[in-house]
Amino acid sequence: MKNLIIVITLLALVACNSAEKINGEVAISRNYVDAMAIDELFSEVEYLELEYNDEHPVGNVRKVVAEDSVLYLSANSMLFQYTPQGKFISCLSRKGRGPQEYASITDFAVCDGAIYIIDRNDKLLKFTTDNKFVCATKLPFDAATIYVEDETIILSTAYQDLGDRFRLYSADNLQPVGSFSPINPAEMTYRHFMLPQNFYRYGDKLYFHEPLNDGIYEVDAKNKTFEQCYALDIYGRSAPADFWTREYDSVMDIIQTATAKGYCCGTPIFAESRHHLLFTYNESDKYRMCLHDKHMGESIQFENIVIGDGLPALSVAETTFYFGDDKMQFIVIPETYFWDENGKKYNDEFLHAAKPDGNPIIAVLKL
């Protein structure tokens, strides 16, 4: 009888988890703490010191991608390549307005030996991974983010563009091959423009999320479908459905309205593992991160991350995260976190060999 009860309980737990996945709503309970230790959030944590190069110092990193044992970083309109040990490989710098150049890097992707770059001036470029130009094409819309799979480039449009949300291009010759998911005109005032962090690969699923939207959506470019997978109900303070169908004057207008009403909204950063969801959101004038246990249904929210003893707290609001897939996640930590303005280290034992050369430290993580 005891074994039967255990089996029934396990089946009930599985059924509950399956139901959550099917109906999509995830109830986030309020449980706020000021800070969480990084090893409480991630099962694996390593720190990568980037080799300094006099000609190509790394500036403000916007995105980090690992592909074929190479780490790619976009910063200051340049694309850096490093080994998994942090040794400098090369830097792609083609800033300009010529046919083989870009004005600035809005987003990039690396797949099957090729680098794909969205230029802010409505251009898509392709290079080899040894930085040789292949081809380019002019885009008839503002592209915001990029993902490449199955020889197809998926581009999400920016908020200025009405029409289909996703535009498909051939990864071979950069020619258009289709589009899907018509945009509701009510979304036009709050859709994102330049946040290269809206796609997330979890197993065989490709998710899409936006800074001002509580939904996590599954994208299927092959079948041209876009369906909600998760609806985050953040302790009963998520914006109601009709909030997103009103017309607003600007992005600031919708943010101010949400703040005034005390709504929790948006998922600028999102990651999923077998056991957890980890995401950021806005709560009134606060920017917080939440760790949600998918099986226990428990959540915890915080505004700071503790890296090591004697080090200052790392503010979630002032930290660059890049969560692109369930294999590896990244946090970009500025050198000022480890050294004070006089070049003195806060903790001599932590990253003992690191030098204050201006390059950030990359935390390589596994949720």
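Two strands count as paired if DSSP finds at least two bridges between them. The exercises below apply this rule and others to a predicted model.

**Exercise 1. Determine the strand order of the open sheet that contains β12, and identify its edge strands.**

Solution.
Step 1. This open sheet is built from 4 strands, arranged as β12-β13-β14-β15. Their pairing is antiparallel.
Step 2. The strands at the edges are β12 (143-149) and β15 (176-182). Each has a single partner strand, so one side of each is left without a neighbour in the sheet.
Step 3. On average, and with direction ignored, neighbouring strands of this sheet are turned by 20° against each other.
Step 4. One contact can be followed in detail: β14 and β15 are joined in the antiparallel sense over 5 bridges. Within this register, Tyr169 has Pro176 in β15 as its bridge partner.

**Exercise 2. Describe the open sheet of 5 strands in the same manner.**

Solution.
Step 1. The order is β1-β19-β18-β17-β16, and the pairing is mixed.
Step 2. β1 (25-28) and β16 (199-202) are the edge strands, each pairing on one side only.
Step 3. From one strand to the next, the twist averages 30°.
Step 4. Inside the sheet, strand β17 (residues 205-208) runs antiparallel to strand β18 (residues 215-220), with 2 bridges between them. Here Tyr207 is placed opposite Glu218 in β18.

**Exercise 3. Classify the ring pair Tyr82 and Phe88, then the ring pair Phe166 and Phe226.**

Solution.
Step 1. The structure contains 20 aromatic pairs. For Tyr82 and Phe88, the ring centres are 5.7 Å apart and the planes stand at 75°; the pair is therefore edge-to-face. Tyr82 and Phe88 are both buried.
Step 2. The criteria are a distance between centres within 6.5 Å and, for the edge-to-face class, planes over 60 degrees apart.
Step 3. For Phe166 and Phe226, the centres lie 5.2 Å apart and the planes are at 65°, so this pair is also edge-to-face. Distant parts of the chain are linked by this pair: Phe166 belongs to strand β14 (residues 164-170) and Phe226 to strand β19 (residues 225-234), 60 residues apart.
Step 4. Phe166 has a relative accessible area of 0% and is buried.
Step 5. Phe166 and Phe226 also belong to one aromatic cluster, together with Tyr147, Phe180, Phe199, Phe208 and Tyr217.

**Exercise 4. Over which rings do the charged ends of Lys63 and Arg288 sit?**

Solution.
Step 1. For Lys63, the ring is that of Phe108, with the charged end 5.2 Å from the ring centre.
Step 2. For Arg288, the ring is that of Tyr32, and the distance from the charged end to the ring centre is 4.2 Å.

**Exercise 5. Locate Ser69 and Asp122, and state the sign of phi for each.**

Solution.
Step 1. Ser69 has a positive phi, near 60°, in a residue other than glycine. The loop between β4 (61-67) and β5 (70-75) holds Ser69.
Step 2. Is Ser69 buried or exposed? The relative accessibility of Ser69 is 61%, so Ser69 counts as exposed, the cut-off being over 50%.
Step 3. Asp122 is likewise not a glycine, and its phi is positive at about 55°. Asp122 lies in the loop between β9 (114-119) and β10 (123-128).

**Exercise 6. Characterise strand β8 and its connection to β9.**

Solution.
Step 1. In β8, 7 of the 7 residues are buried, so β8 is largely enclosed by the rest of the structure.
Step 2. β8 and β9 run antiparallel and are joined by 6 bridges; Cys111 stands opposite Ala114 in β9.
Step 3. The two strands form a hairpin with 2 residues between them. In the turn, Asp112 has a positive phi of about 50°.

**Exercise 7. Identify what lines the largest pocket.**

Solution.
Step 1. The volume of the largest pocket is about 640 Å³.
Step 2. Its lining comprises 24 residues; those nearest the centre are Ala66, Glu67, Val110, Tyr147 and Asp325.
Step 3. At least two lining residues come from each of β4, β8 (105-111), β12 and β16. The strand that gives the most is β4, with 5 residues.

Terms used. Residues numbered from 1 in each chain as written. Predicted model: local features only at pLDDT ≥ 70, side-chain atom pairs only at ≥ 80, totals over all residues. Heavy atoms only, no water. Phe/Tyr/Trp six-rings, centres within 6.5 Å; stacked < 30°, edge-to-face > 60°. Buried < 20%, exposed > 50% of the residue type's maximum accessible area, 1.4 Å probe, protein only. Lys NZ or Arg CZ within 6 Å of the ring centre and 35° of its normal. Axes fitted to C-alpha atoms, helices over the stretch in contact; angles between N-to-C directions. 1 Å grid on protein atoms, 1.4 Å probe; cavity = no way out; pocket = protein on both sides within 12 Å on 5 of 7 lines; lining within 4 Å. Points joined across faces, edges and corners; volume = space filled by probe spheres on them.
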